[in-house]
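This report describes the fold, the packing and the charged pairs of one protein chain. The structure is shown first and the description follows.

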Amino acid sequence: MEGEKKVAAMEEAKGKETAAVAADVSLKQLSKKLDDFAQERDWEKHHSPRNLLLAMVGEVGELSELFMWKGEVQKGLPGWEEAEKEHLGEELSDVLLYLIRLSDMCGVDLGDAALKKIVKNAVKYPAPSKDA
């Protein structure tokens, strides 16, 4: 009976998550979900900036492995199997989620910082003049 309850809870959670996929998800929504997830498991004590950074670097390594020995990979990943693309999505998600959690633990508004960085890059690397 206990196993059936777990399966039902997992299916319900999966259904809710699938519904959320249809809508645009904000960094703040992901941040809240990550915070709730960590609190429910009493993991906050492990989420120091250093630990989160090292975990994220490990995930970047796993992401890199997916491209290893493939040569140059074209946009859209032609020739990749669906399972490979799904695995890529999982690894990209791991990196994103650790980055969001790290920024939260450092007190950095990641969305705001990213927008400011885009503006800074536009000044540093201006688009070529259309007159040229």
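The model is a predicted one. One residue to start with is E91, which lies in helix α4, spanning residues 82-105. E91 is buried but takes part in no salt bridge. The nearest side chain of opposite charge belongs to K70, 14 Å away. A salt bridge here requires a side-chain nitrogen of Lys or Arg within 4 Å of a carboxyl oxygen of Asp or Glu. Leaving out residues up to four places away in sequence, E91 touches E59, E62, L63 and L66.

**Overall fold**

The chain contains five helices and zero strands, so that its pattern along the sequence reads α-α-α-α-α. Of its 132 residues, 14% are buried. Among contacts between residues at least 6 apart in sequence, 66% join residues at least 24 apart.

**Nonpolar core**

The largest nonpolar core has nine residues: L52, M56, L63, L66, L77, W80, L88, V95 and L102. Two or more of these residues come from each of α3 (49-67) and α4. Helix α3 gives the largest share, four residues.

Two of the residues touched by E91, namely L63 and L66, are also members of this core. L63 has its own set of contacts beyond four places in sequence: L88, E91, L92 and V95. Of these partners, L88 and V95 belong to the core as well.

**Packing of α2 against α4**

How do helix α2 and α4 pack, and at what angle? Helix α2 covers residues 27-40, and its axis is 10 Å from that of α4, at an angle of about 85 degrees. Angles of 65 to 115 degrees count as roughly perpendicular, so α2 is roughly perpendicular to α4. On the α2 side, the contact is made by L27, L30, S31, L34, D35 and A38. Helix α4 contributes L96, L97, I100, R101 and D104.

**Salt bridges**

The structure holds seven salt bridges. Three of them are listed below, with the distance between N and O atoms.

| Pair | N to O distance |
|---|---|
| D109 and K28 | 3.5 Å |
| D42 and K45 | 3.0 Å |
| K116 and D112 | 3.1 Å |

The bridge between D109 and K28 links distant parts of the chain, as the two residues are 81 residues apart. D109 sits in the loop between α4 and α5 (110-124), while K28 is in helix α2. D109 has a relative accessible area of 40% and is therefore partly exposed. K28, at 59%, counts as exposed; the cut-off for exposed is over 50%.

The partners D42 and K45 can be described in the same terms. D42 is partly exposed, at 43% relative accessibility, whereas K45 is exposed, with a relative accessible area of 59%.

K116 and D112 form a bridge within one helix: both lie in α5, four residues apart, which is about one turn of the helix. K116 counts as exposed because its relative accessibility is 54%. D112, with a relative accessible area of 35%, is partly exposed.

Set beside these pairs, E91 is a charged residue without a salt bridge, and E91 is buried.

Methods:
Residues are numbered from 1 along each chain as its sequence is written. This is a predicted model: local features need pLDDT of at least 70, side-chain atom pairs count only at pLDDT 80 or more; totals for chains, interfaces and linings use all residues. Side-chain values use heavy atoms; hydrogens and water are left out. Buried means under 20% relative accessible area, exposed over 50%, partly exposed in between (1.4 Å probe, protein chains only). Lys and Arg count as positive and Asp and Glu as negative; His and the chain ends are not counted. Contact means heavy atoms within 4.5 Å. A nonpolar core is a set of buried Ala, Val, Leu, Ile, Met, Phe, Trp, Tyr and Cys residues joined through side-chain atoms within 4.5 Å. Axes are lines fitted to C-alpha atoms, for helices over the stretch in contact, and angles run from 0 to 180 degrees between N-to-C directions. Angles under 35 degrees count as roughly parallel, over 145 as roughly antiparallel, 65 to 115 as roughly perpendicular and the rest as oblique.
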